[in-house]
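Let's take a walk through this fold together, strand by strand and then into the packing. Have your viewer open and follow along.

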Amino acid sequence: MDHEFLADIDDEYEKLVIQLNPPRVSVDNTSSRQATLVQVSCSVGSANRQGSLLEVVQVLTDLNLTITRAYISSDGEWFMDVFHVVDQSGNKIYDGEVIDRIQKSLAARASISQSSRRSVGIQASSEHTSIELVGRDRPGLLSEIFAVLSDLKCNIVAAEVWTHNLRMASVIYITDEESGGPIENSDRLANIKRLLRYILVGDRDKRSAKTAISVGVTHTQRRLHQMLYADRDYDRGDTAGEDRSKLVVNVENCTEKDYSMVNMRCDDRPKLLFDTVCTLTDMEYVVFHATVIVEGPEAYQEYYIRHVDGSPISSEGERQRLVLCLEAAIRRRNAEGVRLELCCEDRVGLLSDVTRIFRENGLSVTQAEVTTRGSQAVNVFYVTDSSGNPVHSRMIEAVRNEIGQAILQVKDEMHAKASAEESGRFSLGGLFRSRSEKLLHNLGLKRSSS
């Protein structure tokens, strides 16, 4: 009998079993004084599919919950995951609406991940066109990308940009300036892709610059991890000057249990667990047992894993590669520079103007998150100087004077204090005056003085 036909029968049978025995989700506010306990469990065959843990962690992360402890046990015919979570203020979750969302989202996600062979984190959408860019990072690159999109009558409704080891990855969601819908014309999309690749390639990245365009949306942060992993950012950089004592990753085989054991210690930060589980999943490892503990400023994570084929790590080269990839996953989101928050009425070309002002004042964007809430643009930028060094407060104030101090806020205690002492005049003119240049890849071009 055809093997594909038999596989389809097995898959349908498994779906039926899961429908009869759906994953159980409970939210407990009595067992711990410090955190709310979220437990996800199931006792059906083939419970531990690759990606099931990532689905659960992704839901909790997307609900803006902080995971302070986690205990994962998933083997054979059952699994049980327990997460200690708090809100962004460090408090337990008492809001009934939030608890209901946790239960419904986790039950739905767990069922999908156990009954579907599709890759996780994919969400169809007909509202936007998504653009994926990977290339060599350099000062002013983001300014040029946003300027080209503005010139092509594209409205940026959301974007996320990461830089790591001199590489840049971004996922940008755009709509047509006139219709407000996704851009679907093949000729227009081809032109957008061609011009963006021209910007990315520059003079030094003719081989590794990549652009991709699609109508739809994926889980943005997971996709950024995947893009940088495929770009091999983990073995491009020189980390000799970094303080490696704050980040320790060890991988060894546990021969008596036929697992590979991963131990990590690093500074704690939001979404750390998502980043590490995402990387293990994309490298095709399955987590069978895990313990995650946050103590003060440090986080400790321990995983017992096997490859999807059931084998532990089999070579020193594979072990070293896993160590490098986990270190890269942790460092990618470690934002460097001063945090600037922009909040104002959204308009076409806003990001092009703002990043142009950054570039003209010697600021380089190391990380960015662009969102639109109703008619408001709510954007976060991390900036350094063009050499990657800390920014002097006078440079920040010059940018704020040009954009508007009420619009651009400094979310950095040291710089905020210095800025208060050196506060300048308030001006909106620089933000709303029309551009007299077309920003292309040539960084030598300067805007003509009016």
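Which residue does Arg373 stand opposite in E17? Keep in mind that this is a predicted model, then go to the end of strand E16, which covers residues 363–373. Arg373 stands opposite Gln376 in E17. Gln376 has a partner on another strand too: it is the bridge partner of Glu345.

Now widen the view around E17. Strand E16 is joined to E17 by 10 bridges, and the two run antiparallel. Strand E15, residues 338–345, also runs antiparallel to E17, with eight bridges joining them. The E16–E17 connection is a hairpin with two residues between the strands. One thing to check on your Ramachandran plot is Gly374 in that turn, with a positive phi of about 65 degrees. As for E17 itself (residues 376–385), eight of its 10 residues are buried, so the strand is largely enclosed by the rest of the structure.

Next, hop over to another set of strands, E12, E13 and E14. Strand E13 (residues 285–295) and E14 run antiparallel, joined by 10 bridges. They form a hairpin with two residues between them, and Gly296 in the turn has a positive phi of about 60 degrees. Within this pairing, Val286 stands opposite Arg306 in E14. E14 also pairs with E12, again in the antiparallel sense, over eight bridges. There, Val262 stands opposite Tyr303 in E14.

The aromatics are worth a look here. The structure holds four aromatic pairs. In one of them, the rings of Tyr259 and Tyr304 have their centres 6.0 Å apart and their planes at 70 degrees; edge-to-face pairs need an angle over 60, so this one is edge-to-face. Tyr259 lies in strand E12 (residues 259–267) and Tyr304 in strand E14 (residues 298–307), so the pair ties together parts that are 45 residues apart in sequence. How exposed are the two partners? Tyr259 counts as buried, at 6% relative accessibility, while Tyr304 is partly exposed, with a relative accessible area of 23%. Add Phe288 and you have one aromatic cluster, made of Tyr259, Phe288 and Tyr304. Phe288 also has a charged neighbour: Arg306 lies over the face of its ring, at 4.9 Å from the ring centre.

From the strands, turn to the packing. The largest nonpolar core has 52 residues. Those with the most contacts inside it are Leu60, Phe83, Leu106, Leu273, Tyr303 and Leu322. Tyr303 is the residue you just met opposite Val262. Try selecting Phe83 and its surroundings: leaving out residues up to four places away in sequence, it touches a list that includes Leu37, Val57, Leu60, Ile72 and Leu273. The list also has polar or charged members, among them Thr36 and Arg69. Apart from this core lies another, of 47 residues, among them Leu133, Ile199, Ala209 and Cys344.

Back along the chain, have a look at Thr61, which lies in helix H2 (residues 52–62). Is this residue buried or exposed? At 9% relative accessibility, Thr61 is under the 20% cut-off and so counts as buried. Beyond residues up to four places away in sequence, Thr61 touches Lys271 and Phe274.

What about the cysteines? A search of the whole structure finds zero disulfides. Two cysteines to click on are Cys254 and Cys266: Cys254 counts as buried at 11% relative accessibility, and so does Cys266 at 6%.

Last stop, a couple of backbone oddities. Lys153 has a positive phi of about 65 degrees although it is not a glycine. Lys153 lies in the loop between helix H4 (141–151) and strand E7 (154–164), and is partly exposed, with a relative accessible area of 48%. Follow E7 to the loop between it and strand E8 (167–176), and you find Leu166. Leu166 is not a glycine either, yet has a positive phi of about 65 degrees. Its relative accessible area is 58%, over the 50% cut-off, so Leu166 is exposed.

Note on methods
Residues numbered from 1 in each chain as written. Predicted model: local features only at pLDDT ≥ 70, side-chain atom pairs only at ≥ 80, totals over all residues. Heavy atoms only, no water. Disulfide = S-S within 2.5 Å. Buried < 20%, exposed > 50% of the residue type's maximum accessible area, 1.4 Å probe, protein only. Helix = DSSP H or I, 4+ residues; strand = E, 2+ residues; numbered from the N terminus. Pairing = 2+ DSSP bridges. Core = buried A, V, L, I, M, F, W, Y, C linked by side-chain atoms within 4.5 Å. Contact = heavy atoms within 4.5 Å. Phe/Tyr/Trp six-rings, centres within 6.5 Å; stacked < 30°, edge-to-face > 60°. Lys NZ or Arg CZ within 6 Å of the ring centre and 35° of its normal.
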